[in-house]
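Here are a few notes to read with the model open. They cover a ligand site and a sheet.

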Amino acid sequence: MLDQRTAITIDEAKAKIDAIPLSYHTETISVLNANQRVLAETFKVPYDFPNFRRSKYDGYAIRAEDDHDFPKNFKVMSEVPAGAVYDQPLGENETVRIMTGAAVPDNTGKVIMLEQSRPVADAKDQIQLTETAKGSNIVEIGVEYHKDAPLIEAGTVLNPGYLSLLSAFGITEIAVYATPKVGIISTGTEVLAPGQPLEPGKIYNSNGALLAGLVVESGGEVVATRQIVDDYQLLLDQLDELVASCDLILTTGGVSVGDYDFLAMAAKASQKLIFNKLKMRPGSVTTAFIYKDTPILALSGNPGACFTGFYLYTEPLLRRLAHDTSHVTHSTGIIEKPYHVTNSYDRILRGTYRVADGKTYVQLIGSDQSGALGNLGLATCLFKIPGSEKPIETMSEVEVWHLPYRS
Ligand SMILES: Nc1nc2c(c(=O)[nH]1)N[C@H]1C(S)=C(S)[C@@H](COP(=O)(O)OP(=O)(O)OC[C@H]3O[C@@H](n4cnc5c(N)ncnc54)[C@H](O)[C@@H]3O)O[C@H]1N2
Ligand code: MOO
């Protein structure tokens with residue numbers, strides 16, 4: 001008997017994906033490996049920063065009391081390179097030669113820049129300071145950060161700037177949300193692994209490579225890839241194996257209504273069916289379900305539909321698993337070339353966009369067919385032709401999803 005399914009809209013499907021309850025894991029890793037990871041605990045400033053008074057310039061440190069009547073000769077007591085400390089107080093008209101970044105003696109009032117000094121003939125231990133200027137030229141304790149201030153909030157996506165901040169406080173390890181572990185199962189008796197000899201009626205598995213790349217690009221780790229023939233028991237065996245190590249499982253193929261569409265069958269029999277029919281082309285049969293507490297996104301085998309289903313539903317879930325938010329940005333644009341195909345379902349086209357006069361213009365690139373894969377490398381956005389009996393008017397406003405890492 002033909003499978004009866006309830007079709008829901010793209011927005012409803014996205015809301016259902018956003019509502020899947022998730023459990024998060026954290027792990028402690030080296031700061032050097034933490035770029036693009038999400039901080040799990042707010043990092044508080046461990047001590048006032050900087051924690052000593054340091055010179056901004058190469059020059060001479062003097063007391064505030066001696067900061068008048070220039071030019072004036074000072075006695076040079078010592079040289080203080082960066083990293084060294086002169087731990088005596090400066091006396092009247094005494095100075096130390098100080099380098100950029102070095103700690104100034106405690107009672108320093110000002111650093112006079114090297115350019116405002118000249119040697120004193122026949123007096124090697126003297127220096128003449130020629131003029132004074134506004135400003136102390138000293139970085140005071142705590143001017144950048146005060147102890148215990150929340151410096152990097154939990155949930156921040158770390159970048160090299162944040163890693164440098166952590167390193168500036170001597171931190172080597174931090175707690176981050178664990179990278180989501182993803183399993184990918186490509187199904188289809190017609191599907192061969194690239195590298196195998198081509199056989200009549202068979203095609204190579206291109207969705208496996210597509211999804212593996214997209215998962216990594218979206219902050220996930222591919223911990224298992226499988227390619228299986230259409231066999232219900234084999235599919236269940238693979239799901240049973242992968243749920244043990246995966247936070248999310250992606251599958252392709254086998255979600256339609258055919259006799260060999262075993263993902264559709266597994267979804268129906270699962271712990272919780274989230275959806276199995278969308279008012280969307282391509283990928284109307286895209287299916288989501290929970291199997292043994294693990295979310296499964298069963299994408300269409302058609303490459304164009306698989307690509308679309310990844311960006312609309314999988315990427316946001318993957319980012320949420322990493323405690324991050326989707327990097328696919330949603331906005332509006334103007335369709336600038338005629339598109340005449342109509343459908344009662346919303347159609348998502350793979351396109352490119354350009355920005356002119358503050359407006360985004362989108363156009364189809366390559367084919368709109370679900371099975372076509374020529375534009376998967378070229379598309380920079382997806383955009384929506386709303387379901388209608390009439391073709392969309394050129395220059396209408398449409399919903400646009402900008403794809404990350406593509407321009
Ligand atoms: N009687 C009906 N037939 C179909 C319907 C329907 O409603 N009634 N829906 C059609 C639509 S729309 C789609 S989309 C597809 C969805 O099919 P599946 O997701 O079940 O995928 P398959 O049938 O397994 O494959 C579809 C297509 O993609 C090729 N494929 C599969 N896996 C891969 C792979 N890993 N790499 C590259 N290409 C792959 C496969 O050979 C097929 O050509 O169903 C329609 N049928
Ligand atoms: O829903 Mo299908 O992906 O249009 O061919």
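How do the residues of the shell around ligand 2 divide into nonpolar, polar and charged?

1. The split is two nonpolar, four polar and one charged. Here Ala, Val, Leu, Ile, Met, Phe, Trp, Tyr, Cys and Pro count as nonpolar, Asp, Glu, Lys and Arg as charged, and the others, Gly among them, as polar. Bear in mind that this is a predicted model: local features need pLDDT of at least 70, side-chain atom pairs count only at pLDDT 80 or more, and totals for chains, interfaces and linings use all residues. Residues are numbered from 1 along each chain as written, chains are lettered from A and ligands numbered from 1 in written order, and side-chain values use heavy atoms, without hydrogens and water.

2. Around ligand 2 you'll find Arg281, Pro282, Gly283, Ser284, Asn302, Ala305 and Ser370 (a heavy atom within 4 Å).

3. Oxygen atoms of ligand 2 have these polar contacts (N or O pairs within 3.5 Å). Gly283 comes in with a backbone N or O atom at 2.4 Å. Polar side-chain atoms do the job for Ser370, at 2.6 Å, and for Arg281, at 3.1 Å.

4. Now the sheet: six strands, open, with mixed pairing, ordered β16-β13-β17-β21-β20-β18. Strands are DSSP runs (E, at least two residues) numbered from the N terminus, and two of them pair if DSSP finds at least two bridges. At the edges, β16 (221-228) and β18 (272-275) each pair on one side only.

5. Inside that order, β13 (residues 181-187) runs parallel to β17 (residues 248-252) over five bridges. Gly183 has Ile249 of β17 as its bridge partner.

Definitions and conventions:
Polar contact = N/O pair within 3.5 Å; in protein donor to acceptor, adjacent residues only side chain to side chain. Helix = DSSP H or I, 4+ residues; strand = E, 2+ residues; numbered from the N terminus.
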